[in-house]
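This report describes selected features of a protein model. The sections below take up strand pairing, nonpolar cores and backbone geometry in turn.

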Amino acid sequence: MVKKTVLDKTERAWWKKAVFYQIYPKSFQDTNGDGLGDLQGIIERLDYLETLGVDGIWLSPVFASPQADNGYDISDYCAIDPMFGTMQDMETLIAEAKKRGISIIMDLVLNHSSDEHWWFQEALKSRDNPYHDYYVWRDGKADCPPNDMGSVFGGSAWTYVPHLKQYYFHQFLEKQPDLNWENEAMRKELYKAIRFWVDKGVEGFRLDVIDQIAKEPDHKITANGPRLHAFLQELSREAFMEAGLVTVGETWSANIERAKLFSAEERKELSMVFQFEHICLDQQEGKEKWDILPLSLPKLKECVCRWQQGLHTEGWNSLFMNNHDLPRIVSRWGNDAEYRVESAKMLGTMLHGLQGTPYIYQGEELGMTNIKLDIASYVDPEIQNMYRERIKRGIPEAEIMESIWARGRDNARTPMQWNTERFAGFSTAEPWLPVNANYEAINAENALNDPDSVFWYYQKLIALRKQYAVLQLGDFTLLCPKDEKIFAYVRRWNDQKLCVVCNFTAEEVPFAVPAAFAGAQILLTNYAGKSWVLRPYEAKMLYLEV
């Protein structure tokens, strides 16, 4: 067991040394027996997270919400949804986490609200209502929307309101009307809500689809509108900078040049962004995420290399392979059967050896896997809408289900697997989403009792980041870019050198150690011994001071 190093969070850019842990509250821990996770459940598990060694919790939305999209439809920015608990619970969580050196990073949705937010209820009353302009409206006639823009979740992006003779714009569900960022009064209300949480001790925010706030639907522009960076700079100036907050933007549209604009320190916009190029490598170009291609390791390496080199000294990377919207990485890039433990450790090694701020998604540190359910058991509206649309198009059900099992968001949202008790120790009642049937083998209790578990390996990865400056600051050189089996790279910083070598296959693969690393120390490996015939999913992290 490694003792946690507590970061000095008064340092500027402390988050460059940090590791964050994403909690999907609905699925983390239920304490009141309603089958839904809650804030008290997170409080109960803080010691677990302290043992793991993380520095912050990215908390998926716990704001008041009708839950049409699992909390990403906020009806009150300054209230806790009763399903998660009370404001007192939230204040206790912030205080108890801080005692353990853990910051709370809230998940904030600034692109849209719920249609049940009182702003929108006022907006519906008349065109003259001052809150009407808080949203995006266009005149029109029934059955003739302003244009043919579609919603991310299917159907039109426009919904008609007969008594107003207008359409409102929504990039997601019709219950998620887009906010009008051109309205200064609306922006000030959002800044006020942010300061409300900062005053309670929140130390940062993850900003949902933040690259879409400057949309121009008349020109069919959703992401990266002309006013985006002006809005972000004002947001930072008015709500983030003075408090020294860490901010990470979800930016599906980001390329390297855009990411530099978002995250370069001198621009004063965001600390970092989540970009998704590496996540989309198994998606057919120009198609939906459900249209899957075989994974290619050389493509992954090229993508990682481009981002590592592209943002080095000019921005900052977020490092992740899992989140609440993505399938489990061990089921995607690893082997979730015979080599589940080895491949989970290997994938962690590959990611945590890179420059950037790592994000661990709940259960990743246990090697939790994807789940296969029947269509009726899925809760995610994206899955249900996709299923209906593809059935209508005549696509065979078996083909549709294969796509859902591989890419569906509910893969990540199944309840956290704590122990071998009924419902995996998540709840005493039937959970809102089924528990993965493999919970008796894969759970936190087993992991904590096994010194060779994925959990303890992740604890070592987290500790190494704080111990070695090369992990935080070093440059990046990719080795053997065309190799179909090995992902290897070198990091350098002053007199420190690091070499990470990962076998992405279930085969034994020979590897020639770079001559510059002769005599290097093995910092971490997921196999015993020093063989340079790499065993299935073997990973090694080598270190040398010169």
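## A hairpin of two strands

In this predicted model, strand S7 (residues 158–161) and strand S8 (residues 166–169) run antiparallel and are joined by 4 bridges. Within this pairing, threonine 159 of S7 is placed opposite tyrosine 168 in S8.

The two strands form a hairpin, with 4 residues separating S7 from S8. The turn includes lysine 165, whose phi is positive, at about 55°.

## The parallel sheet

Strands of a sheet pair through backbone hydrogen bonds, in either a parallel or an antiparallel arrangement. An open sheet of 8 strands, with parallel pairing, follows the order S11-S10-S9-S5-S2-S1-S13-S12. Strand S11 (272–274) and strand S12 (318–319) lie at its edges; each has a single partner strand, so one side of each is left without a neighbour in the sheet.

One of the pairings in this order is that of strand S2 (residues 56–59) with strand S5 (residues 103–109), which is parallel and extends over 4 bridges. Here leucine 59 stands opposite methionine 106 in S5.

## Nonpolar cores

The largest nonpolar core comprises 129 residues, and Met90, Phe205 and Leu235 have the most contacts inside it. Helix H15 (residues 454–467) gives the most to this core, contributing 8 residues. Another core, of 18 residues, lies apart from it and includes Phe20, Met272, Trp316 and Tyr359.

Which residues does leucine 235 contact, leaving aside its neighbours within four places in sequence? The contacts of leucine 235 are with Leu110, Trp181, Tyr191, Ile194, Leu207, Ile210 and Phe240.

## Positive phi in two loops

Asparagine 224 is not a glycine, yet its phi is positive, at about 55°. This asparagine 224 belongs to the loop between strand S9 (204–208) and helix H6 (228–240). Is asparagine 224 buried or partly exposed? With a relative accessible area of 22%, asparagine 224 is partly exposed, because the cut-off for a buried residue is under 20%.

Tyrosine 537 also has a positive phi, near 60°, in a residue other than glycine. Its place is the loop between strand S19 (533–534) and strand S20 (539–545). The relative accessibility of tyrosine 537 is 6%, so this residue counts as buried.

Key. Residues are numbered from 1 along each chain as its sequence is written. This is a predicted model: local features need pLDDT of at least 70, side-chain atom pairs count only at pLDDT 80 or more; totals for chains, interfaces and linings use all residues. Side-chain values use heavy atoms; hydrogens and water are left out. Two strands pair if DSSP finds at least two bridges between them. A nonpolar core is a set of buried Ala, Val, Leu, Ile, Met, Phe, Trp, Tyr and Cys residues joined through side-chain atoms within 4.5 Å. Buried means under 20% relative accessible area, exposed over 50%, partly exposed in between (1.4 Å probe, protein chains only). Contact means heavy atoms within 4.5 Å.
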